[in-house]
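Below are some notes on the model, set out as numbered points. Please read them with the coordinates open.

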Amino acid sequence: MHACSYSTTNANVPGNVRRTPLAPLRTPIPLRFNHLRFGSLARSPTHNEQQSARAAERRARPMSRRTALTVAVVTTAVGVAALVRWRFAAQSAGKLEGKADQSGDDPPSSSAPPPNVETTPAVTIAANPQGGNLGDGAGREREKGDGAQLVERRDCSDPTRGRGLFANAPLKRLDCALKVRPALTLIFEPYSSEVCLACNKITTPAGVSGSTDKRCRTCKRFAVCGECDAAFNLFEWHKEGECKRWMKLPEGMRQQRQLDVQFMLVRYRAAMDKDWSDDPNVKEPLNSLVDLQANMINLPETQMKGIRGLGNLIDLSPEKVITLMMMIRTNAGSIHLPNVNKVGCALSSNLSALNHNCDPNAVARVLDGCLVVGMTREVEKDDELTISYVDTAAPLTERQAILRNHYQFACSCERCVREATAGL
């Protein structure tokens with residue numbers, strides 16, 4: 001319909017009076033008859049248009065300093081969270097994947113976009129072709145005798161390898177060389193409100209008769225089974241420590257998605273005041289994480305501003321926040337549940353001490369809340385335990401590319417040297 005000037009003669013008007021011409025319309029009338037009122041050419045704004053107008057008005061207002069800080073913190077944290085999740089996906093057969101239990105998935109190249117958490121499920125320690133599971137601690141867990149540990153962290157003879165995990169006694173295939181809870185554990189959303197922090201078992205909902213499991217209704221990011229709570233008083237530790245610190249953060253920040261890294265930082269800060277276990281035979285001490293490697297990357301100033309704001313909110317220095325984030329990116333091991341994708345990650349000083357070899361003699365997993373290191377072949381006393389950070393079935397060039405891009409070193413193990421020589 002076009003705007004126009006017109007006149008009409010209505011036969012029903014008494015005396016056949018001729019009407020005066022109408023004034024031209026200022027704007028055309030759109031052909032959206034479902035929005036026209038009966039008896040009027042005017043169109044009222046729709047609900048969506050009203051919402052859009054109000055949103056545009058809010059955007060036009062200058063942000064307060066607190067709002068700007070919250071936006072910067074959330075933007076930075078979401079970016080780092082995506083980086084950490086990319087690191088886990090790139091580890092499809094990494095530190096927590098054994099030689100005999102490769103998923104077969106092709107790891108992403110360094111140019112691939114950060115994927116979601118979905119990965120190939122991993123249920124057990126590396127499968128044993130002759131029956132049983134490698135290093136599951138059942139039946140083949142070695143006796144430690146007079147308190148001596150079967151393995152210990154030492155400096156490697158090659159200074160470029162840093163510290164390593166070495167055998168204090170001969171170990172046989174299928175032996176469980178180490179079983180201890182990691183220094184810092186995090187369960188991802190949405191599993192954090194259901195999975196026990198200490199043993200990684202699924203808890204029962206509140207109100208189930210006879211259940212002593214507990215789930216935090218305040219932050220909705222914590223759960224503990226009745227057995228672990230009775231042993232370690234975990235729910236009280238959570239409520240008085242990390243939950244209070246988390247609820248002090250701005251509400252807008254707590255309502256964002258992908259806040260796993262932020263909550264892990266809050267948990268670390270709460271554990272600095274009081275950890276839920278001080279027994280090194282039960283859980284690695286928090287201060288053992290100082291040995292972890294943190295491969296630093298250059299961050300833009302906008303992200304640095306967000307990191308400084310996040311550090312101020314949780315009472316950590318910006319340097320400590322960056323170091324912890326890079327530790328997570330470099331060393332965090334994934335936690336799996338049966339028939340479920342990755343549900344969490346763990347930082348462990350013993351796991352980080354396990355150096356890489358493309359022909360490893362051990363495999364490591366986080367199983368039932370504990371870091372478990374199982375042997376894939378025999379080693380002698382003072383031999384170094386090694387695992388593979390990559391899929392051992394991958395060709396030489398692919399293995400080297402992943403190690404160089406994600407772990408920042410080139411492998412020179414006997415297998416790589418042998419394959420490189422054969423390819424000449």
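1. Strand 7 and strand 8 form a hairpin with two residues between the strands, and Asn339 there has a positive phi near 60°. The model is a predicted one, and this phi value should be read accordingly. The two strands run antiparallel and are joined by five bridges. Leu337 of strand 7 has Val340 of strand 8 opposite.

2. Strand 7 spans residues 333–337, and five of its five residues are buried. Burial applies to both faces: Gly333, Ile335 and Leu337 lie on one side, Ser334 and His336 on the other.

3. Strand 8 also pairs with strand 4, again antiparallel, through four bridges. In this pairing Leu184 stands opposite Leu347 of strand 8. Strand 4 is likewise covered on both faces, with Leu184 and Leu186 buried on one side and Thr185 and Ile187 buried on the other.

4. Which residues have the most contacts inside the largest nonpolar core? They are Cys228, Leu234, Leu265, Leu289, Met325 and Leu347, in a core of 48 residues. At least two core residues come from each of strand 4 (184–187), helix 4 (234–240), helix 5 (242–247), helix 7 (260–273), helix 8 (301–314), helix 9 (318–331) and strand 8 (340–347). A second core, separate from this one, has 28 residues, among them Cys358, Ala362, Ala364 and Leu396. As a general matter, nonpolar side chains in soluble globular proteins tend to be buried together.

5. Leu289 can serve as a point of entry to the surroundings of the core. Leaving aside residues up to four places away in sequence, Leu289 touches Ala183, Leu184, Tyr268, Met327, Leu347, Ser348 and Ser349. Two of these names recur from point 3, where Leu184 and Leu347 stand opposite each other in the pairing with strand 8.

6. How do helix 8 and helix 9 cross, and at what angle? Their axes come within 8 Å and cross at roughly 105°. Helix 8 is therefore roughly perpendicular to helix 9, since angles of 65 to 115 degrees are counted that way. On the helix 8 side the contact involves Met304, Ile307, Arg308, Leu310 and Gly311, which meet Pro318, Val321, Ile322 and Met325 of helix 9. By class, the contact has seven nonpolar residues, one polar and one charged. Met325 is also one of the residues with the most contacts inside the largest core.

7. Tyr407 belongs to helix 11, residues 396–407. Is Tyr407 buried or exposed? With a relative accessible area of 6%, Tyr407 is buried, because the cut-off is under 20%. The C-alpha atom of Tyr407 is 9.7 Å from that of Arg329, although the two residues are 78 apart along the chain.

8. A further element is an open sheet of four strands in the order 1-2-12-9, with mixed pairing. Strand 1 (151–155) and strand 9 (355–356) are at the edges with a single partner strand each, so one side of each has no neighbour in the sheet. Strand 9 pairs with strand 12 (residues 384–387) in the parallel sense over two bridges. His356 stands opposite Ile387 of strand 12.

9. For the chain overall, there are twelve helices and twelve strands. Of its 424 residues, 46% count as buried. Among contacts between residues at least 6 apart in sequence, 66% join residues at least 24 apart.

Note on methods. Residues numbered from 1 in each chain as written. Predicted model: local features only at pLDDT ≥ 70, side-chain atom pairs only at ≥ 80, totals over all residues. Heavy atoms only, no water. Core = buried A, V, L, I, M, F, W, Y, C linked by side-chain atoms within 4.5 Å. Buried < 20%, exposed > 50% of the residue type's maximum accessible area, 1.4 Å probe, protein only. Contact = heavy atoms within 4.5 Å. Pairing = 2+ DSSP bridges. Axes fitted to C-alpha atoms, helices over the stretch in contact; angles between N-to-C directions. Parallel < 35°, antiparallel > 145°, perpendicular 65-115°, else oblique. Nonpolar A, V, L, I, M, F, W, Y, C, P; charged D, E, K, R; others polar.
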